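Biologist: Would you walk me through this model? I would like to hear the reasoning behind each label.

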Amino acid sequence: AAAQRRSVVVNAGTGKFIVGGNWKCNGTAESVKSLVKELNSGKIDADVDVYVAPPFVFIPRVQKELNNKNYAVAAQNCWVSAGGAFTGEVSADMLADADIPWVILGHSERRALCGETNEFVGEKTKYALSKGLKVALCIGETLEQREAGTTLDICRAQLKAVNDVVTAADWENIVIAYEPVWAIGTGKVATPDQAQEVHAGIRKWCADNISPAIASKIRIQYGGSVNAGNCDELAQKEDIDGFLVGGASLIGEAFVTICNSAKHSK
């Protein structure tokens with residue numbers, strides 16, 4: 001088993017564990033107030049970076065009320081370029097101006113529901129980085145793609161579209177979030193070994209196509225039905241550097257538990 005485990009470790013990540021909470025299109029003023037209270041009362045005693053991504057309308061409240069010593073605030077999306085005649089969109093310039101340090105880009109729901117291509121996500125990432133934002137870059141395969149054995153091909157293509165338009169230095173401000181689409185919101189979770197294998201493949205791609213130094217430092221989060229019950233085992237894997245959490249991030253106690261799983265990381 002040890003030999004098999006080593007076979008999928010390229011050069012285990014060295015970055016600080018990082019957990020993100022993607023609240024998606026959920027919440028009311030009352031529920032957000034309650035969630036913020038739960039998060040503020042929870043004790044994060046692990047060495048971990050944490051960001052939470054509320055819906056846009058709730059960001060000002062969260063910025064004001066959430067304990068910013070423990071939590072950074074992220075947007076769930078932004079536009080591909082500067083502002084203008086783009087009804088319904090929010091630009092990276094606006095996020096930077098509003099002191100929102102993080103943005104999630106390329107989430108599978110944006111790709112599938114809104115038709116965002118790999119190249120479009122690449123351009124969005126480039127522009128967000130140019131405005132000083134940190135980017136959680138989501139990649140991952142569908143069930144059909146996994147069953148066809150093309151998981152890493154899909155992930156590499158998604159990464160390449162970003163790497164084609166950013167510099168090596170830009171990757172210092174990118175966190176990769178590997179989220180197998182078939183595991184998002186379904187209750188299905190990649191096994192720790194399945195997740196580790198893909199994370200190791202992603203890190204190897206980074207070593208081969210960016211640099212070994214970047215590959216070692218870049219943080220690769222796992223996302224897909226992460227919860228308080230499975231986070232500790234996943235966190236022990238050499239190339240899993242954190243989590244991007246959906247449903248469980250709406251439950252304060254569960255999210256704090258997931259943040260503290262950083263204590264189990266290598």
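Modeller: Happily, starting with the largest pocket, which holds about 420 Å³ of space. Bear in mind that this is a predicted model, where local features need pLDDT of at least 70, side-chain atom pairs count only at pLDDT 80 or more, and totals for chains, interfaces and linings use all residues. Residues are numbered from 1 along each chain as its sequence is written, and side-chain values use heavy atoms, with hydrogens and water left out.

Biologist: What makes a space a pocket, and what is meant by its volume?

Modeller: On a 1 Å grid over the protein atoms alone, a pocket is an open set of points with protein on both sides within 12 Å along at least five of seven lines, whereas a cavity is a set where a 1.4 Å probe fits but cannot get out. Points are joined across faces, edges and corners, and the volume is the space filled by probe spheres set on them.

Biologist: Which residues line the largest pocket, and of what class are they?

Modeller: There are 19 lining residues (each with an atom within 4 Å of a point), and K24, C25, Q76, N77 and R110 are the closest to the centre. Helix α5 (residues 108-114) gives the largest share, four residues. The lining has eight nonpolar, seven polar and four charged residues; Ala, Val, Leu, Ile, Met, Phe, Trp, Tyr, Cys and Pro count as nonpolar, Asp, Glu, Lys and Arg as charged, and the others, Gly among them, as polar.

Biologist: How do you know that the length of helix α9 agrees with its number of residues?

Modeller: Helices are DSSP runs of H or I with at least four residues, strands are runs of E with at least two, and both are numbered from the N terminus. The expected span is 1.5 Å times one less than the number of residues. For the 18 residues of α9 (residues 192-209) that gives 26 Å, and the end C-alpha atoms are 25 Å apart, so the two agree.

Biologist: Why is N163 called buried?

Modeller: Buried means under 20% relative accessible area, exposed over 50%, and partly exposed in between (1.4 Å probe, protein chains only). N163 has 19%, so it counts as buried. It is found in helix α8 (residues 151-163). Not counting residues up to four places away in sequence, N163 touches W171, W205, N209 and I210, where contact means heavy atoms within 4.5 Å. W205 is itself among the buried residues of α9.

Biologist: What are the classes of S216 and E253?

Modeller: S216, in helix α10 (residues 212-217), is at 16% and therefore buried. E253, in helix α12 (residues 252-260), is at 65% and therefore exposed. The C-alpha atoms of E253 and K43 are 9.2 Å apart, though 210 residues separate them in sequence.

Biologist: How do you know that C78 and C114 form no disulfide?

Modeller: A disulfide is a pair of cysteine sulfur atoms within 2.5 Å. The closest cysteine sulfur to that of C78 is in C138, 12 Å away, so it is too far for a bond. For C114 the closest is in C25, at 11 Å, again too far. The structure holds zero disulfides. C78 is buried because its relative accessibility is 1%, while C114, at 43%, is partly exposed.

Biologist: What is the phi of D99, and is this residue buried or exposed?

Modeller: D99 has a positive phi of about 60 degrees although it is not a glycine. It sits in the loop between α4 (92-97) and β4 (102-105), and its 63% makes it exposed.
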